[in-house]
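Colleague: I have a few questions about domains, contacts and salt bridges. Let us go through them one by one.

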Amino acid sequence: MRFIETWIPATLLSTRELAPGIREFLILPERFDGTAYPVGSHINVAVTIDGLPETRSYSLVGEATSRGLRIAVRRAEDSRGGSRYMWSLQPGARLDITQPASLLAVDWTRQNYCLIAGGIGITPILGAAQALARRGAAVTLHYAVRSRGEAAYLDDLAAMLGDRLIVHASDESSRLDLDALFASLPQGVLALFCGPMRMLDAARHAWIGAGHPLPDLRYETFGSSGTLPTETFRVRLKDSDVELEIPRERSMLDVLNASGHDVMYDCKRGECGLCAIDVVAVDGEIDHRDVFFSDHQKESNQKICACVSRARGTITVDTLLRADAV
Ligand code: FES
């Protein structure tokens with residue numbers, strides 16, 4: 001059950017290998033006019049996983065151009081199937097996508113900006129770097145990767161930012177020290193972050209530790225990254241005999257809705273909190289993968305964002321709404 005979601009037909013124009021395991025997709029929506037979209041925008045793409053319709057959300061790469069919309073997808077063996085589907089597509093494939101939308105608010109009036117990207121998290125950050133560089137803003141980008149050979153868009157970024165691009169490559173023993181970085185930043189700086197959940201947790205702690213206001217750290221993460229491996233778990237519904245299996249390639253939200261236990265949603269990225277449902281009991285462990293709840297709320301395990309968060313074992317939830325058939 002979603003409030004507003006307008007799907008538009010589109011065509012995959014071309015693909016391009018950016019780095020081992022990272023492929024760029026150029027997508028042309030019908031009646032596309034190259035209208036600018038906000039920094040940090042993403043689109044949803046209708047995918048088919050094990051014969052079932054699903055949606056996946058991908059950040060748009062860079063600022064708008066008249067050629068179409070760019071996304072980059074890392075082929076992840078531990079994924080829930082979206083990247084496998086995307087990688088199976090050939091140029092000319094028909095797609096259904098949503099209009100670009102952004103939940104990442106950027107204040108363009110700051111004196112200083114710090115961009116931080118972890119791996120494929122560079123995709124929304126690239127557009128922010130372009131926009132800030134174009135404005136002549138004081139911006140530095142810290143790009144954490146396993147190796148330079150696995151870093152997408154490195155040449156583009158180096159040409160755009162010069163020595164304001166700092167690459168932290170694990171294989172060069174130049175790991176990103178977030179505590180030291182944030183402690184060195186002036187007050188009033190705005191930081192934009194995109195990376196995996198563990199890195200985001202570290203960034204939030206380091207940001208607060210350095211005395212910066214938390215709202216000045218704006219972030220996105222990937223719905224597929226968590227602290228536990230992605231595996232099958234079970235969900236019991238309170239006061240009913242219903243117990244559902246959530247396979248590794250599907251979300252709790254999709255399984256609940258497909259079985260008639262309506263849960264409202266919007267972003268499907270763990271950002272808006274609309275899909276949050278009450279947790280009644282945990283027999284195992286919850287892997288909160290959203291960026292909506294605070295650390296304290298996550299520790300209390302009273303609610304879970306059904307679109308991205310997962311679990312090990314069995315959890316009992318109360319969706320408050322009952323299945324049509326019940
Ligand atoms: S739908 Fe937005 S957090 Fe789940």
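Colleague: Where is Asp 177 found?
Modeller: Bear in mind that this is a predicted model. Asp 177 comes after strand S10 (165-169) and before helix H4 (178-184). Its place is the loop between strand S10 and helix H4.

Colleague: Is Asp 177 buried, partly exposed or exposed?
Modeller: Buried needs under 20% relative accessible area, and exposed needs over 50%. Asp 177 has 43% relative accessibility. That value lies in between, so Asp 177 counts as partly exposed.

Colleague: Which backbone nitrogen does the side chain of Asp 177 reach?
Modeller: The separation is 3.0 Å. A polar contact needs N or O atoms within 3.5 Å. The partner is the backbone nitrogen of Ala 180.

Colleague: How is the protein chain divided into domains?
Modeller: The domain assignment gives domain 1 (7-102) and domain 2 (112-220). It also gives domain 3 (233-318).

Colleague: What area is buried between domain 1 and domain 2?
Modeller: The C-alpha centres of these two domains lie 24 Å apart. The contact takes 16 residues from domain 1 and 15 residues from domain 2. Carbon and sulfur atoms give 57% of the buried area. The area between domain 1 and domain 2 is about 1,300 Å².

Colleague: Which three residues supply 35% of the area that domain 1 buries against domain 2?
Modeller: No other three residues of domain 1 supply more of that area. The three are Val 39, Ser 59 and Glu 63.

Colleague: Which residues form the salt bridge between domain 1 and domain 2?
Modeller: The count between these domains is 1 salt bridge. Domain 1 spans 7-102 and domain 2 spans 112-220, so one partner must come from each range. The closest N and O atoms are 2.3 Å apart. The pair is Glu 63 and Arg 134.

Colleague: How many residues apart are Arg 134 and Glu 63?
Modeller: The side chains of Arg 134 and Glu 63 meet in a salt bridge. Arg 134 is in helix H2 (residues 122-135). Glu 63 is in the loop between strand S4 (52-59) and S5. The pair links distant parts of the chain, 71 residues apart.

Colleague: Arg 134 or Glu 63: which counts as exposed?
Modeller: The cut-off for exposed is over 50%. Glu 63 has 25% relative accessibility, so Glu 63 counts as partly exposed. At 55%, the exposed residue is Arg 134.

Colleague: Are Glu 54 and Arg 56 buried or exposed?
Modeller: Their side chains meet in a salt bridge at 3.5 Å, N to O. Glu 54 has a relative accessible area of 4%. Arg 56 has 9% relative accessibility. Both values are under 20%, so Glu 54 and Arg 56 count as buried.

Colleague: Which residue forms a salt bridge with Lys 268?
Modeller: Lys 268 is in the loop between helix H6 (252-258) and strand S15 (276-287). Its partner is in helix H6, 14 residues apart along the chain. The closest N and O atoms are 3.2 Å apart. The partner is Asp 254.

Colleague: Which residues do salt bridges that share partners join into one network?
Modeller: A search of the whole structure finds 24 salt bridges. Shared partners join residues into one network. Its members are Arg 234, Arg 236, Glu 243 and Glu 245.

Methods. Residues numbered from 1 in each chain as written. Predicted model: local features only at pLDDT ≥ 70, side-chain atom pairs only at ≥ 80, totals over all residues. Heavy atoms only, no water. Helix = DSSP H or I, 4+ residues; strand = E, 2+ residues; numbered from the N terminus. Buried < 20%, exposed > 50% of the residue type's maximum accessible area, 1.4 Å probe, protein only. Polar contact = N/O pair within 3.5 Å; in protein donor to acceptor, adjacent residues only side chain to side chain. Domains from an automatic or database assignment. Contact = heavy atoms within 4.5 Å. Buried area = accessible area lost by both parts, 1.4 Å probe. Salt bridge = Lys/Arg side-chain N within 4 Å of Asp/Glu carboxyl O.
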